[in-house]
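Q: Could you take a close look at the salt bridges here, and then at any odd backbone spots? An informal walk-through is fine.

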Amino acid sequence: MLYDVATFIRTQQVKQKLTGPWITFGGALAAWSRQWFPELILGAVGSSGPLLAKNDFYEYLEVVEDVINRQSDKCFERTADAFNSLHKLSQDPEGRAVIQHKFVLWPEWNSDSNETIDPLDMNEVFSALYGMYQGTVQYNDVGWQDVANLCSFFEDDKYEDNGHDPSYSDDELADTQALLLGVLWTWQTCNEFGYYKTTDYGDGIFGTPVPINFFIIMCERVFGLGMDDIEKGISKSNYQYGGRNRFNTTNVVLPNGDADPWHALSILERGDLDESVVPIVIKGTSHCADMYGETKSDPPQLIQARKTILDNIQKWLASNPSPTAESLSSTTEATAILETKTTGVTKANTQTSKGTSTVSPTTSVASTPVSLIITFLLSLSSFAI
């Protein structure tokens, strides 16, 4: 993929007769592109880039839990109660019938006492449910309104059991492009990066319903890749790109929000790196907050982070030996911006990129509106079992 970036730049240099420097913007691929092709790329801004490839990315949910806890103790505790009760319901036919009624699962979980639920079906349901928290935390707005809205159901007792909304159909969820992007991202995770958001970190608020094996089986079924293949691919990626310990380049800014789950795999301190590598940890912000347009509600630390990014870009441009005097006449004309986001999708497509890595779920809860799922979880937070 990095060679695609280099090919694009070289092609545009010839076709458009471009002589000025190039700066890549995006995530890990932007940072890696500067490392691999310094002769083509003057600098990079690797916003929220996970520079370490990792199979069992349990740290992701640790950050999600931390953000929920920072929002309110009540939201944190009631979420834990709800998932604990949901786990107990899933252990017997009567309880699974309750889950089936609320979420209208497909394939259906019936109440037959002789029925055995495929463990992968169980994994999928729990993954989809805590996936709502993942997406909300990862793309939380700068004012934390998204997390506040999610937690308001627990904090304000907004429980009203209206059952399944018949007006919400699977047809409304059909999005071929989003599905395709999900498949492409899953191919990358199975072959190169891992990044699987498991509950293997211990007994957290979501319990331990989704182990790494769930994702390994997915890779085996979809691409024929087992654990050894995935681990080899991850090792190769970390060898090629350096991971966090051997990342070696110059002129890179690495902004990360401490409320973004992906910051757990990025570089947060300069350490022994070149002084032109500038990690920035932005307190209270989520995924790629620095890349969004400015708003009146931006906190001071985000405003300062954007200024630091711009200051470094201007420093790179000022020190760049341009090939012609003409190219120095205008910084704007001398600079081309290439976005190299790892997922290639916008905020609206989070569930087909970094939001979830699962393709073709064995059991779907997608036809249930988020508001109904949250209110059901709220009811479970005080469920008597």
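A: Let's fix the exposure terms before anything else: a residue is exposed when its relative accessible area is over 50%, buried when that area is under 20%, and partly exposed in between. One more thing to keep in mind is that this is a predicted model.

Now the salt bridges. A search of the whole structure turns up six of them. Take Glu39 and Arg10, whose side chains meet with an N to O distance of 3.6 Å. That pair links distant parts of the chain, 29 residues apart: Arg10 sits in helix H1 (residues 2-15), while Glu39 is in the loop between helix H2 (28-36) and strand S2 (41-46). Glu39 has 53% relative accessibility, so it counts as exposed. Arg10, at 39%, counts as partly exposed.

Next up is the salt bridge between Arg70 and Asp258, at 3.5 Å from N to O. Arg70 belongs to helix H3 (residues 59-71) and Asp258 to the loop between strand S5 (252-257) and S6, so this contact ties together parts that are 188 residues apart in sequence. Arg70 has a relative accessible area of 35%, which means it is partly exposed.

Then there's Asp311 with Lys307, where the closest N and O atoms are 2.9 Å apart. Both residues lie in helix H11, four residues apart, or about one turn of the helix. Asp311 comes out as partly exposed at 33% relative accessibility, and Lys307 is partly exposed too, with a relative accessible area of 46%. Back to Arg70 for a moment: salt bridges with shared partners join Asp66, Arg70 and Asp258 into one network.

On to the backbone. The peptide bond from Trp106 to Pro107 is cis, with omega near -5 degrees. You'll find Pro107 in the loop between helix H5 (93-103) and helix H6 (119-138).

Trp144 is another spot to look at: its phi is near 60 degrees, a positive value in a residue other than glycine. Trp144 is placed in the loop between H6 and helix H7 (145-155). With 14% relative accessibility, Trp144 counts as buried.

Cys288 also has a positive phi, about 55 degrees, although it is not a glycine. Look for Cys288 in the loop between strand S6 (277-282) and helix H11 (300-319). Its relative accessibility is 5%, so Cys288 counts as buried.

Note on methods
Residues are numbered from 1 along each chain as its sequence is written. This is a predicted model: local features need pLDDT of at least 70, side-chain atom pairs count only at pLDDT 80 or more; totals for chains, interfaces and linings use all residues. Side-chain values use heavy atoms; hydrogens and water are left out. Helices (H or I, at least four residues) and strands (E, at least two) are DSSP runs, numbered from the N terminus. Buried means under 20% relative accessible area, exposed over 50%, partly exposed in between (1.4 Å probe, protein chains only). A salt bridge is a side-chain nitrogen of Lys or Arg within 4 Å of a carboxyl oxygen of Asp or Glu.
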